[in-house]
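Biologist: Got a minute to walk me through this one? I'd like to go from the overall make-up down to the sheets.

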Amino acid sequence: MVMNLWKKSLLFQLVSSFLILSLVIISLVGYMAFSQAKESLKKSIFNELNMAASLKREELNHWVFDQSQVVLALARIPEIRTSAKTLFTLDKSTQEYKNIQTSLQTSLSAFTGKNSGLKEIFILSRGGRILVSTDASQIGKYQPLVQYSDIQSENQNAFVSNFYRSPITGYPQITLVDQILDQEGKRLGLLAAHLNLDRIDEVIREQTNLDQTGETYLVGNIGSGLSNRYVFIASQKLGSEEFPDGINSAGIEQVMQGKSGESLYRNYRGTPVIGVYYSLGNKDLGLIVEKSQAEAFIPAQHLASYILLIGLILSGFMAVAMFFLGRQIVQPILAIVKTARVISQGDFKQTAPVLSNNEIGLLAKTFNQMTGQLQIYYHQLEDYNRNLELKVTERTQELEDKNQCLIDTLKELKQTQSQLIQNEKMVSLGQLVAGVAHEINNPVSFIYGNLDFASDYGKNLIKLVEAYQNTYPEPGEEIEEMIEQIDLEFIKTDLPKLYQSMKEGSNRIKQIVLSLKNFSRLDESEQKRINIHEGIDSTLQILQTRLKPQSYCPAIQVIKNYDQLPLINCYPGQLNQVYMNLLSNAIDALQECWEEQNQIYLSQQPQITITTRVIDQKWIEILVKDNASGIPPDVKSRIFDPFFTTKPVGKGTGLGLSISYKIIVDKHQGQLKCSSKIGEGTEFMIKLPIVRSELG
């Protein structure tokens with residue numbers, strides 16, 4: 001309706017064009033105002049968030065540093081240090097050991113009672129046993145310190161404090177440690193303290209003028225070396241019940257890579273936010289402060305809305321004024337149009353009224369002059385028309401005859417050219433595959449032939465190491481550390497498996513190379529006696545990656561029903577090309593069914609069945625069947641036509657089945673047929689004569 005009115009009414013075009021132009025200008029002005037306001041707000045909010053993040057980061061660093069100084073001061077108290085050294089030299093069963101242990105436990109407990117930042121203080125032996133602890137239940141237990149911070153008073157600037165996940169409680173933990181050394185500087189044990197992380201929660205939860213949607217949180221990585229899992233860090237838990245698989249966002253990814261910055265992105269809930277992030281690199285953590293973009297940019301949205309509203313009102317008033325101005329232009333034009341309609345019916349005596357002396361009046365005068373000339377030309381054209389009709393009819397018939405002849409010739413040339421190009425491509429492919437297979441075969445044979453020797457050498461070395469272990473059951477400390485470092489027991493069990501895996505992989509490569517050599521017969525122009533099954537298996541080997549499971553389709557099962565066949569004298573490269581075309585089409589059809597998520601096919605296994613057999617001792621029959629959706633009857637009647645394809649542009653040339661048909665029928669005097677049922681699949685039948693093959 002609107003388009004018809006636009007095409008038929010000049011007045012509507014004038015008013016609409018002016019209105020559209022004004023709306024575009026208003027929209028641009030509103031957008032520019034919104035962008036400028038948004039940019040200004042973004043800088044202001046970044047400053048605000050950076051200030052809040054900096055304050056929290058500094059407060060966290062100061063608190064951790066203060067606690068390290070407290071632990072350092074405790075470790076330097078002469079009574080505690082002397083008692084701890086004495087404790088390491090006494091037998092645990094003596095009364096003196098128990099007295100010193102009780103005295104140290106009382107002193108350490110009194111110290112933790114005065115300092116709320118320390119959760120537990122304990123003394124560890126060099127073997128990792130707790131000798132003294134403010135938590136009496138931990139005495140005598142093994143304390144696995146996964147990560148700890150070694151306090152060195154001589155170099156306080158190098159102090160590092162790391163968060164880690166306690167293997168006992170599963171909670172986040174920071175452990176500060178000072179070494180207890182003897183007079184010779186050798187380590188006797190450790191004085192360690194677990195920090196009370198409640199203060200960190202208080203610092204993070206404190207709101208710092210971030211409005212309603214402002215949020216501050218610590219994030220850490222508790223994943224393995226193979227995968228990352230980012231979670232919230234709190235004193236009593238890691239992660240969140242709401243996000244059991246972890247959290248992630250662009251800001252979290254950046255900060256966990258050790259980067260600090262500011263950006264607009266979607267947070268872990270998928271909400272657009274404006275945020276800043278600081279990498280606490282020495283603590284394996286990230287501090288993130290965010291604010292919702294919807295709340296942050298409300299002033300800019302209000303400004304743009306006001307500008308658009310005022311602009312719409314002004315555009316409405318100007319559109320009304322443009323309407324009345326347009327009427328004065330359109331009315332004289334309509335009078336000329338009315339006259340033109342009368343003249344079009346054959347009344348060349350009709351003239352248009354001249355209502356003004358401006359450009360429209362000049363248009364009316366010129367129109368009347370044109371009408372007079374048209375009357376003269378009309379009679380002349382009638383005579384010319386009669387003569388032209390006769391000549392055009394004769395010439396048209398001649399051109400149609402010649403054009404049909406050219407169409408038939410061009411069609412044959414295109415078909416021949418495409419088939420020649422396709423054959424040349426397949427010959428080049430065969431040469432390339434043969435060269436690659438030859439180049440791969442030499443190094444693979446070298447590797448495969450030396451694997452047995454390498455395996456024997458490895459077994460002999462392991463036997464030698466075991467002989468050394470039996471002869472010297474108590475090696476030196478350096479050898480023990482080396483055995484533990486290289487995990488000797490694992491190497492002894494895994495090395496034979498490693499050689500076996502390498503041998504299986506090399507054998508797999510040799511099989512692939514053999515398949516490539518068989519398939520590379522594409523460039524052979526002479527007939528040879530070959531095994532039909534070898535060509536089919538080589539083609540399947542090359543298509544192996546397409547048979548494997550895809551993201552949208554399960555693995556395609558290939559069922560082989562091979563009969564005992566005689567050797568066939570044929571063109572092996574051309575037959576391989578036929579197998580490739582038929583199997584590729586079957587794979588495409590199966591993957592297309594599963595890609596469309598059709599429930600009929602999702603419940604069954606995609607299959608390609610290849611059957612070979614001898615018929616009446618005269619023919620060899622090869623059947624390639626799939627369980628896809630089948631071929632519609634209107635398509636089936638044209639599948640062997642050159643350039644006919646149902647695949648998208650770029651996926652098929654429409655020559656595969658046409659060339660295959662010529663190879664089987666013309667080159668080998670055989671038969672290539674297709675049978676298909678909608679919903680049940682498609683079967684291609686190849687029949688090759690035995691008699692002709694034997695006669696060569």
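**Overall make-up and two sheets**

Biologist: What does the secondary structure of the protein come to?
Modeller: Keep in mind that this is a predicted model. Counting along the protein, the secondary structure comes to 18 helices and 20 strands.

Biologist: And what share of the residues counts as buried?
Modeller: The accessible surface comes to about 41,700 Å², with 55% of that belonging to carbon and sulfur atoms. Buried here means under 20% relative accessible area. Of the 696 residues, the buried share is 36%.

Biologist: There's a "transmembrane region" in UniProt; what is the helix content of that span?
Modeller: The UniProt record, an unreviewed entry, puts that feature at residues 303–325. In the model the end C-alpha atoms of this span lie 33 Å apart. Strand makes up 0% of residues 303–325, and helix makes up 100%.

Biologist: Take the sheet ordered E2-E1-E7-E6-E3. Which strands stand at its edges?
Modeller: This is an open sheet of five strands with mixed pairing. An edge strand has a single partner, so one of its sides is left without a neighbour in the sheet. That applies to E2 (130–133) and E3 (149–150).

Biologist: Which residue in E6 stands opposite serine 149?
Modeller: E3 and E6 (residues 175–181) run parallel and are joined by two bridges. Across from serine 149 in that pairing is leucine 176.

Biologist: At about what angle to E6 does helix H3 run?
Modeller: H3 (residues 78–89) lies across E1, E2, E6 and E7. Helix H4 (residues 95–114) lies across E1 and E2, at about 50° to E2. For H3 against E6, the angle is about 70°.

Biologist: On to the sheet ordered E15-E17-E18-E20-E19. Why is one side of E15 and of E19 left without a neighbour?
Modeller: Five strands make up this open sheet, and the pairing is mixed. E15 (557–561) and E19 (671–677) stand at the edges, so the reason is that each has a single partner strand.

Biologist: How many bridges join E17 to E18?
Modeller: E17 covers residues 607–615 and E18 covers residues 619–626, and the two run antiparallel. Within the pairing, isoleucine 610 stands opposite valine 624. The number of bridges joining E17 to E18 is eight.

Biologist: What angle does the direction of helix H14 make with that of E17?
Modeller: Helix H12 (residues 532–542) lies across E15, E17, E18 and E20, running at about 170° to E17. H14 (residues 572–595) packs on the sheet too, touching E17, E18 and E20. Its direction makes an angle with that of E17 of about 145°.

How values were computed: Residues numbered from 1 in each chain as written. Predicted model: local features only at pLDDT ≥ 70, side-chain atom pairs only at ≥ 80, totals over all residues. Heavy atoms only, no water. Helix = DSSP H or I, 4+ residues; strand = E, 2+ residues; numbered from the N terminus. Buried < 20%, exposed > 50% of the residue type's maximum accessible area, 1.4 Å probe, protein only. Areas by Shrake-Rupley, 256 points an atom, 1.4 Å probe, with all protein chains shown as cover. Pairing = 2+ DSSP bridges. Contact = heavy atoms within 4.5 Å. Axes fitted to C-alpha atoms, helices over the stretch in contact; angles between N-to-C directions. UniProt positions renumbered as here; feature names shortened; annotations may be inferred.
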